[in-house]
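Open the model in your viewer and set the side chains to sticks, then follow the stops below in order, selecting each group of residues as it is named.

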Amino acid sequence: MQINQAFHDWKPGMHCNSGGPRSRTRTERLQSTVLAKRGGVIRCPVTLPLALDFEGADPVATMYALLEQQGINSPEDLRALFQPLPASTLCRVNPGVLPIKVATASPEEVLKTALMLGLCTAWLYDPVRPVLWTRASLARAVELIDGEGFYAC
């Protein structure tokens, strides 16, 4: 069958393939990030690193004990004490963030950091979401990133 004839015989629902599935594969290594600190047109600087070191203790139990010690009823009540950042921002997990040692830091510093971590997922800081303290959220080391200079279509 000639190519022109094959084109005219095509019907909806038919699938065409011009070669084997691996005939046109190639591999490329990507070595760029929009979150880099290098100079350039796009800049997304880190605005706030957040991490707590519980030194093996249970993060959730430790934080609720600290709340009780400070006479605070719930993690949500921390919003009135420490004004969280007002706008949503990008968030990135970074195990290299230097954590605050819970055992030796001031209760205010620990509670403010825990509030912020409770408003973060691994990708987003959202000040209107509920303060969620889980082992994962409290043990996460993140950086909040100013994404205002980044636009994508």
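Begin with the aromatic rings of this predicted model, where the count comes to 1 aromatic pair. Select tyrosine 64 and tryptophan 133, whose rings sit edge-to-face, with 5.5 Å from centre to centre and 75° between the planes. Tyrosine 64 belongs to helix α2, whereas tryptophan 133 lies in the loop between β5 (124-125) and α5 (135-139), so the pair ties together parts that are 69 residues apart in sequence. If you now switch on a surface, compare the two partners: tyrosine 64 is partly exposed at a relative accessible area of 40%, while tryptophan 133, at 9%, is buried.

Keep tryptophan 133 selected, and move on to the nonpolar interior. The largest nonpolar core has 28 residues, and the members that touch the most others are Leu52, Met63, Leu78, Val110, Leu111 and Trp133. Colouring by secondary structure helps here, since α2, α4 (107-118) and β6 (142-145) each supply at least two residues of this core. Helix α4 gives the most, with 6 residues.

Next, centre the view on methionine 63. Which residues is methionine 63 in contact with, once its neighbours within four places in sequence are left aside? The residues to display are Phe54, Val110, Leu111, Ala114, Trp133 and Leu138, so that tryptophan 133, the ring from the first stop, appears again as one of the contacts of methionine 63.

Now turn to the charged side chains, where a search of the whole structure finds 5 salt bridges. Select Asp53, Glu55 and Lys101, which are linked in a network of salt bridges. In one of these bridges, lysine 101 pairs with aspartate 53, the closest N and O atoms being 3.1 Å apart. This pair links distant parts of the chain, with lysine 101 in strand β4 (residues 100-101) and aspartate 53 in strand β2 (residues 52-53), 48 residues apart. The side chain of lysine 101 also meets that of glutamate 55, at 3.8 Å from N to O. Because glutamate 55 lies in the loop between β2 and α2 (59-69) and lysine 101 in strand β4, this second pair ties together parts that are 46 residues apart in sequence. On the surface view, lysine 101 counts as partly exposed at 39% relative accessibility, and aspartate 53 likewise counts as partly exposed, at 21%.

For the last stop, select arginine 79 and glutamate 76, whose side chains meet in a salt bridge at 2.7 Å from N to O. Glutamate 76 is partly exposed, with a relative accessible area of 32%.

Key: Residues numbered from 1 in each chain as written. Predicted model: local features only at pLDDT ≥ 70, side-chain atom pairs only at ≥ 80, totals over all residues. Heavy atoms only, no water. Salt bridge = Lys/Arg side-chain N within 4 Å of Asp/Glu carboxyl O. Helix = DSSP H or I, 4+ residues; strand = E, 2+ residues; numbered from the N terminus. Buried < 20%, exposed > 50% of the residue type's maximum accessible area, 1.4 Å probe, protein only. Core = buried A, V, L, I, M, F, W, Y, C linked by side-chain atoms within 4.5 Å. Contact = heavy atoms within 4.5 Å. Phe/Tyr/Trp six-rings, centres within 6.5 Å; stacked < 30°, edge-to-face > 60°.
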